[in-house]
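Visitor: Please walk me through this one. I would like the reasoning behind each label.

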Amino acid sequence: MTGPDGATEEEWGVNYRALNNLFRISQSRESNFTYEISVHMVEIYNEQVRDLLLGSDGSGQRLNQPNWLDVPYASAYAVKSTSAVLELMDIGLKNRPKSWTAINERSSRSHSIVSIHARGLDLKNGSSLRGSLHLVDLAGSERIDRSEVTGDRLKEAQHINKSLSALGDVIICLAHKNSHVPYRNSKLTQVLQGSLGGQAKILMFVQLNPDAASYDETLRTLKFAERVSGAELGAS
């Protein structure tokens, strides 16, 4: 999602493009608005929300007070540039668990969520607005018979699959405009609740393996993407 190391502007990943645009826009409005931008990074591991920046010594300024974020006591850092966010993301990624499986030698064992929160103050009338950008990296679903995982890795795979299923259920309910949406069936959907409904905008990419042996996983992924594309959120 970030792009290759040393990428040119044409090779930037979606993370870098989104962050670069955010800071470019904030800087272009300096004469009319002041912005406070903060970032935190968590993971959903075995249905537990874990702070990936706990104890970080990144260049951002750590905010000590509880905040208005979706994970209130996660370590939040004030940032003023794309590079500061990427530095914190690198620290978080090093703290994210990975393991070998029969189909992926560096398999992510959790979902990661990088949240960038912006508060803008209008210098003319004193009004303020808040918004959030979540960059989510979902762990891939696993077929246990192919990944050949056991023990702790098996438990991780089961939680990953369960949370992805819960996300699919939420999306179906949103698509059908059901009165009840089961956000609380998973920590993943609970943390992302504010960005899965209402005035939110969502952009999702799916990654496919062209190997013929991965036909079943590819088909399930495409069906999941089809369900996502059928969900309509409110106007934004």
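**Labels and their reasons**

Guide: Arg 50 is partly exposed, with a relative accessibility of 35%. Note that the model is predicted.

Visitor: Why is Arg 50 called partly exposed?

Guide: Buried means under 20% and exposed means over 50%. Arg 50 has 35%, so the label is partly exposed.

Visitor: What makes Arg 50 and Glu 43 a salt bridge?

Guide: Their closest N and O atoms are 2.8 Å apart. The cut-off is 4 Å, so the pair qualifies.

Visitor: Is Glu 43 buried or exposed?

Guide: Glu 43 is buried, because its relative accessible area is 1% and the limit is under 20%.

Visitor: How many salt bridges does the rule give?

Guide: The count is 3.

Visitor: How do you know that Asp 137 and Arg 96 form a salt bridge?

Guide: Their N to O distance is 2.9 Å. That is within 4 Å, so the rule is met.

Visitor: Why does this pair tie together parts apart in sequence?

Guide: Asp 137 sits in strand E8, residues 128-137. Arg 96 sits in the loop between H2 and strand E5. The parts are 41 residues apart in sequence, so the pair ties them together.

Visitor: Which labels do Asp 137 and Arg 96 get for accessibility?

Guide: Asp 137 has 30% and is partly exposed. Arg 96 has 5%, so Arg 96 falls under 20% and is buried.

Visitor: What makes Glu 156 and Arg 109 a salt bridge?

Guide: The closest N and O atoms are 2.8 Å apart, and the cut-off is 4 Å. Glu 156 lies in helix H4, and Arg 109 in the loop between strands E6 and E7. The pair links distant parts of the chain, 47 residues apart.

Visitor: Why is Glu 156 called buried?

Guide: Its relative accessibility is 1%, which is under 20%, so Glu 156 counts as buried. Arg 109 also has 1% and is buried.

Visitor: Now the helices. Why are H1 and H2 called oblique?

Guide: The axes of H1 (residues 14-28) and H2 (residues 82-95) cross at roughly 140°. Roughly perpendicular covers 65 to 115 degrees, and roughly antiparallel needs over 145. The crossing fits neither, so H1 and H2 are oblique. The axes come within 9 Å, and the crossing is right-handed.

Visitor: Which residues make the contact?

Guide: H1 gives Asn 15, Tyr 16, Leu 19, Asn 20 and Phe 23. H2 gives Thr 82, Val 85, Leu 86 and Met 89. By class, the contact has 6 nonpolar, 3 polar and no charged residues.

Conventions
Residues numbered from 1 in each chain as written. Predicted model: local features only at pLDDT ≥ 70, side-chain atom pairs only at ≥ 80, totals over all residues. Heavy atoms only, no water. Axes fitted to C-alpha atoms, helices over the stretch in contact; angles between N-to-C directions. Helix = DSSP H or I, 4+ residues; strand = E, 2+ residues; numbered from the N terminus. Parallel < 35°, antiparallel > 145°, perpendicular 65-115°, else oblique. Left-handed = near helix turned anticlockwise from the far one by under 90°. Contact = heavy atoms within 4.5 Å. Nonpolar A, V, L, I, M, F, W, Y, C, P; charged D, E, K, R; others polar. Salt bridge = Lys/Arg side-chain N within 4 Å of Asp/Glu carboxyl O. Buried < 20%, exposed > 50% of the residue type's maximum accessible area, 1.4 Å probe, protein only.
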